[in-house]
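Here is a walk through the structure shown below, written for someone who would rather look at residues than at tables. Keep the viewer open as you read.

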Number of protein chains: 2
Amino acid sequence: MISMKTYNVAVLGATGAVGTEMLKILAERNFPVGQLKALASARSVGKQLPYGNSFVTVEEATESSFEGMDIVLGAASADLAKKLAPAIVRAGAVFVDKSSAFRMEKDVPLIVPEVNPEDAKWNKGIIANPNCSTIITVMALYAIAKVTPITSMVASTYQAVSGAGVEGLRELEGQAAAFAKGEPMQANVFPYQIAFNLIPQIGSDSGNGYTTEEMKMQNEGRKILHMPEMKVSCTCVRVPVLRSHSISVTFRTAEKISVQRARELIAAAPGVRLVDDLAQKQYPMPLDTSDQDIVYVGRIREDLTDDHGLTLWCCGDQIRKGAASNAVQIAELLI
Amino acid sequence: MISMKTYNVAVLGATGAVGTEMLKILAERNFPVGQLKALASARSVGKQLPYGNSFVTVEEATESSFEGMDIVLGAASADLAKKLAPAIVRAGAVFVDKSSAFRMEKDVPLIVPEVNPEDAKWNKGIIANPNCSTIITVMALYAIAKVTPITSMVASTYQAVSGAGVEGLRELEGQAAAFAKGEPMQANVFPYQIAFNLIPQIGSDSGNGYTTEEMKMQNEGRKILHMPEMKVSCTCVRVPVLRSHSISVTFRTAEKISVQRARELIAAAPGVRLVDDLAQKQYPMPLDTSDQDIVYVGRIREDLTDDHGLTLWCCGDQIRKGAASNAVQIAELLI
């Protein structure tokens with residue numbers, strides 16, 4: 001008889017879009033789960049959430065929820081993450097947190113497992129899961145960044161409504177249904193109607209005209225890629241797409257990389273798929289990348305404004321690789 | 001009694017999204033129309049199109065349609081424009097053509113009236129109306145370009161379905177309705193479903209990995225702004241928005257322009273409105289710019305990758321300023 005080591009896992013914020021996906025992915029990837037806890041606020045207690053072919057019953061998240069846990073996957077707000085982190089660490093669990101609470105802390109590794117798995121080793125009880133569009137962009141670029149530093153990047157994002165959780169998804173679906181019936185469209189989650197519209201603000205003003213979301217691309221990108229000098233100008237835009245983020249990126253490298261070389265590097269990179277044949281109308285699209293973990297990259301071409309520059313287009317599922325799958329992959333680094 | 005000079009005007013391709021809008025705008029702007037002809041293909045003959053409080057009856061477009069006309073507003077395909085241009089010029093009319101047929105011809109001015117109205121003077125019977133996203137981008141930047149050359153630009157577009165005409169609008173509306181009813185979504189006009197999706201291809205491969213639409217931003221931008229050295233890397237993306245195009249632009253200027261100066265210049269520019277207050281959630285959005293001629297500009301901030309760079313976001317109605325209104329404004333330069 002083979003005895004397999006298992007790990008006690010809690011999902012904090014288990015009822016949200018990312019939390020429910022984390023439960024799904026733990027089962028999908030056969031994560032060696034011993035005890036499983038689904039934690040959420042008091043009003044969800046007793047709710048049954050799917051886990052593989054079975055269900056797990058929601059318990060209330062409190063400071064005493066973490067005794068005996070090995071890994072806590074955080075899918076809650078930054079405020080709740082900050083409040084509960086000391087109890088998680090005290091209980092001896094590793095907290096893999098998807099909120100922005102700890103990402104830029106010096107003592108906290110910020111990890112995309114394909115890119116900087118080695119950073120998991122120096123964790124002191126907390127590992128942060130990066131911002132969703134940053135994960136997808138870094139996934140598209142890491143194979144090139146391993147060859148030569150990326151010196152600068154101009155990125156424009158096309159971000160799905162799932163970035164605002166289940167409520168964001170419901171709002172776009174509800175507005176589309178209202179439009180079809182000729183009824184007025186209600187905006188509650190987003191500040192303006194999102195169906196048939198674009199909202200060029202995600203996050204709040206960070207003080208320099210960029211939003212907090214836009215600055216994550218530079219600040220988190222630098223930390224994940226170990227490139228503290230990389231300069232990034234980012235524009236984040238909410239678009240009426242359900243759950244895949246897309247990013248148009250123009251970037252410069254220290255050493256010149258040809259389009260052909262970039263294609264080869266990206267095609268060989270784990271977790272990434274090269275979809276790049278304009279003549280055959282083959283390129284990444286949100287519809288094709290939803291409900292899976294692979295980040296698609298295409299439209300690779302020379303940057304006409306800089307001879308060390310390249311331009312590309314990438315898409316990835318915001319809920320999965322942008323959040324839940326990346327967190328479970330981080331947990332896999334710990335076992 | 002005051003006798004006012006009038007001009008005989010033909011609209012070629014009068015039944016399309018741009019053609020019907022041209023008729024509407026001629027009336028709206030009180031263009032001094034003498035005789036008015038609405039020209040289209042044989043199958044539309046006899047159709048009544050709204051013109052002010054009245055109607056105009058569609059006639060077939062043939063080589064003999066242009067006798068006695070002073071101005072022909074072209075809203076037809078490049079092929080039809082090429083076929084009929086000699087007859088239009090022979091008849092002594094000026095052909096203001098929105099197709100791509102003549103835009104890059106040396107003898108043909110390419111005009112955005114707020115930017116380079118003086119170019120109308122050297123026309124030899126044909127004036128080209130630029131590409132829609134190029135018009136909107138150039139409108140956002142021209143006040144700055146009049147102060148100092150724009151040396152380079154990285155642009156990512158978010159282009160409405162109206163760029164594919166009435167059929168594009170119907171396709172998105174039809175897909176949204178099908179989605180609401182749980183029915184399958186049909187794609188006929190666009191190569192893939194556009195509702196809840198993004199298609200990162202507009203135009204065909206121009207040979208260097210960029211699409212023909214993407215290269216227009218550089219080639220037409222240079223001609224309109226009289227900046228033959230300006231380098232542009234553009235990514236054109238179709239988004240599920242009805243009729244306003246949006247563009248995220250990062251650009252570098254020869255002389256450094258501060259954010260404050262850029263705001264002042266743009267705020268004072270005719271045809272443009274500065275909507276730029278992130279803290280108050282004020283920025284350009286497609287919903288706000290539809291059905292009007294003004295291009296909205298906002299999110300102006302420093303380019304973090306270059307100290308002579310700025311970044312901004314602009315939106316404008318694709319059918320109006322992107323095509324029909326710009327054409328009628330060009331016609332106004334001729335009278």
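## A buried isoleucine in chain B

I199(B) is buried, with just 1% relative accessible area. Bear in mind that the model is a predicted one. You'll find I199(B) in the loop between α4 and α5 (212-225) of chain B. What does I199(B) touch, leaving aside neighbours within four places in sequence? Its contacts come from both chains: Y283(A) and M285(A) on one hand, and F190(B), P191(B), Y192(B), Q193(B), I194(B), C236(B), V237(B) and R238(B) on the other. Look at R238(B) in particular: 39 residues separate it from I199(B) in sequence, yet their C-alpha atoms are 5.0 Å apart.

Q159(B) is another one to click on. This glutamine sits in the loop between β8 (150-158) and α4 (165-181) of chain B, and it counts as buried at 1% relative accessibility. Its side chain makes a polar contact with the side chain of H245(B), at 3.5 Å. Setting aside residues up to four places away in sequence, Q159(B) touches S133(B), I202(B), E213(B), C236(B), V237(B), R238(B), V239(B) and H245(B).

## How the two chains relate

Turn chain A by 180°, with a shift of 0.0 Å along the axis, and it lands on chain B with an RMSD of 0.0 Å. That's what a two-fold axis does. Both copies use the same surface, too: 100% of the contact residues of chain A recur in chain B.

## What the interface is made of

Sixty residues on each side take part, with 60 residues of chain A in contact with 60 residues of chain B. The size of an interface is often quoted as the accessible area lost when the parts come together. Here, about 5,100 Å² is buried between chain A and chain B, and carbon and sulfur atoms give 64% of that. On the chain A side, F196(A), L198(A) and L304(A) lose the most area to chain B, together accounting for 13% of what that side buries.

There's plenty of polar business as well. Between chain A and chain B the count is four salt bridges. E214(A) makes a salt bridge with R299(B), the closest N and O atoms being 2.7 Å apart. Across the interface, 26 residue pairs are in polar contact. Several elements of chain A give two or more residues to the side that touches chain B, among them β8 (150-158), α4 (165-180), α5 (212-225) and β12 (295-302). By class, that side of chain A has 31 nonpolar, 19 polar and ten charged residues.

## Salt bridges within the chains

Side chains of opposite charge can pair when their charged atoms come close. Over all chains the count comes to 44 salt bridges. In chain A, D293(A) and R320(A) meet in one of 2.9 Å, N to O. Why does this pair tie together separate parts of the chain? D293(A) lies in the loop between α7 and β12 and R320(A) in helix α8 (residues 320-333), so the bridge joins parts that are 27 residues apart in sequence. Both D293(A) and R320(A) are buried.

Over in chain B, D317(B) forms a salt bridge with R243(B), with the closest N and O atoms 2.8 Å apart. D317(B) is in strand β13 (residues 309-317) and R243(B) in the loop between β9 (231-235) and β10 (244-253), so this pair ties together parts that are 74 residues apart in sequence. D317(B) and R243(B) are both buried. Chain B also has a salt bridge between R320(B) and D293(B), at 2.9 Å, N to O. Back in chain A, salt bridges that share partners join E21(A), K24(A), E28(A), R29(A), R243(A), D291(A), D293(A), D317(A), R320(A) and E332(A) into one network.

## Two backbone angles to check

Most residues other than glycine have a negative phi. H226(A), which is not a glycine, has a positive phi of about 60°. H226(A) is in the loop between α5 and β9 of chain A, and at 44% relative accessibility it counts as partly exposed.

D291(B) also has a positive phi, near 65°. D291(B) lies in the loop between α7 and β12 of chain B. Is D291(B) buried or exposed? Somewhere in between: at 47% relative accessibility, D291(B) counts as partly exposed.

How values were computed. Residues numbered from 1 in each chain as written. Chains lettered and ligands numbered in written order. Predicted model: local features only at pLDDT ≥ 70, side-chain atom pairs only at ≥ 80, totals over all residues. Heavy atoms only, no water. Least-squares fit on C-alpha atoms with pLDDT ≥ 70 in both. Contact = heavy atoms within 4.5 Å. Buried area = accessible area lost by both parts, 1.4 Å probe. Salt bridge = Lys/Arg side-chain N within 4 Å of Asp/Glu carboxyl O. Polar contact = N/O pair within 3.5 Å; in protein donor to acceptor, adjacent residues only side chain to side chain. Helix = DSSP H or I, 4+ residues; strand = E, 2+ residues; numbered from the N terminus. Nonpolar A, V, L, I, M, F, W, Y, C, P; charged D, E, K, R; others polar. Buried < 20%, exposed > 50% of the residue type's maximum accessible area, 1.4 Å probe, protein only.
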